[in-house]
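Student: I would like a close look at a single part of this protein, with the answer set in the context of the whole chain. Please take me through it carefully.

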Amino acid sequence: MTDQSIEQEIRAKCLTAPRVTPADIEANIVDTEIVKHVAKSGQVLRWAVLTTCNGFAVAGKPSCSVSKENDNAEIGEKVAIANAKEELWPLMGYALKEKLAAQDDQEEHHG
């Protein structure tokens, strides 16, 4: 199941409580760097380093072509970026939960 089809299912079920969306992930990324490494065996690995709006950077698992003949920069970068985005989900979920908890605290004290 792709991120897009999951998002469509969430919307179809009218699940509207605060959550992190694919658009939130995209909007939080201000810079993408690709780090390429060729192992002694010839395998090509690529990591994506994503920098977020607040300056925090994350890297995911690398893309890796077992045979250097199959290495394709465009595909490798797409895989590396997708892997790095997976690292943002729990971090942004935690940040949203912190924000919601702080709002609940304020409402309790001012309500």
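Tutor: Leaving aside residues up to four places away in sequence, Thr 21 touches Glu 7 and Trp 89. The place of Thr 21 is in the loop between helix 1 and helix 2, and because its relative accessible area is 16%, under the 20% cut-off, Thr 21 counts as buried. This is a predicted model, and everything that follows should be read as a description of predicted coordinates.

The loop that holds Thr 21 also holds Val 20, and Val 20 is buried as well, with a relative accessible area of 14%. Again not counting residues up to four places away in sequence, the contacts of Val 20 are Ile 25, Trp 89, Met 92, Gly 93 and Leu 96. Trp 89 is thus found among the partners of Val 20 and also among those of Thr 21. The separations along the chain are long for some of the pairs that involve this loop: Val 20 and Leu 96 stand 76 residues apart in sequence, yet their C-alpha atoms are 7.5 Å apart in space. Two further pairs can be set beside that one, although neither partner appears in the contact list of Val 20. Ala 95, which lies in helix 3, is 75 residues from Val 20 in sequence and 9.7 Å from it in space, C-alpha to C-alpha, while Leu 91, also placed in helix 3, is 71 residues from Val 20 in sequence and 10.0 Å from it in space, by C-alpha atoms.

Those two helix 3 residues are not buried. Ala 95 has a relative accessibility of 46% and therefore counts as partly exposed, and Leu 91, with a relative accessible area of 40%, is partly exposed too. Leu 91 touches Phe 56 and Val 58, when residues up to four places away in sequence are not counted.

Val 58 leads from here into the interior. Its contacts, with the same neighbours in sequence left out, are Ala 48, Val 49, Leu 50, Ala 84, Glu 87, Leu 88 and Leu 91. Several of these belong to the largest nonpolar core, a group of ten residues made up of Val 20, Ile 25, Ile 29, Ala 48, Leu 50, Val 58, Ala 80, Ala 84, Leu 88 and Met 92. Strand 2 (44-52) and helix 3 (73-110) each supply at least two residues of this core, and helix 3 gives the most, with four residues. Val 20 is therefore both a buried residue of the loop and a member of that core.

The same loop has another residue that deserves attention, and it has the opposite kind of setting. Cys 14 is found between helix 1 (3-12) and helix 2 (22-28), and because its relative accessibility is 59%, over the 50% cut-off, Cys 14 counts as exposed. Its phi is positive, at about 55°, although Cys 14 is not a glycine. Most residues other than glycine have a negative phi. Another cysteine, Cys 64, counts as partly exposed because its relative accessibility is 40%. With a disulfide taken as a pair of cysteine sulfur atoms within 2.5 Å, the count comes to zero.

For the wider frame, the protein has three helices and four strands, which run α-α-β-β-β-β-α from the N terminus on. The radius of gyration is 18 Å, well over the 13 Å that the globule rule gives for 111 residues, so the protein is more spread out than a compact globule. Along the principal axes, its C-alpha atoms fill a box of roughly 65 × 30 × 20 Å. Buried residues make up 22% of the 111 residues, and among contacts with a separation of 6 or more, 42% join residues 24 or more positions apart. The protein exposes about 8,000 Å², with carbon and sulfur atoms supplying 54% of that area.

Finally, a word on confidence. The mean pLDDT of the protein is 92, and 96% of its residues reach 70 or more. By element, confidence is lowest in helix 1, with a mean of 84, and highest in strand 3 (residues 57-59), at 98.

Notes: Residues are numbered from 1 along each chain as its sequence is written. This is a predicted model: local features need pLDDT of at least 70, side-chain atom pairs count only at pLDDT 80 or more; totals for chains, interfaces and linings use all residues. Side-chain values use heavy atoms; hydrogens and water are left out. Buried means under 20% relative accessible area, exposed over 50%, partly exposed in between (1.4 Å probe, protein chains only). A nonpolar core is a set of buried Ala, Val, Leu, Ile, Met, Phe, Trp, Tyr and Cys residues joined through side-chain atoms within 4.5 Å. Contact means heavy atoms within 4.5 Å. pLDDT is the predictor's confidence in each residue, from 0 to 100. The radius of gyration is taken over C-alpha atoms; the globule rule is 2.2 Å times the number of residues to the power 0.38. Accessible areas come from the Shrake-Rupley method with a 1.4 Å probe; for residues, only the protein chains shown count as cover.
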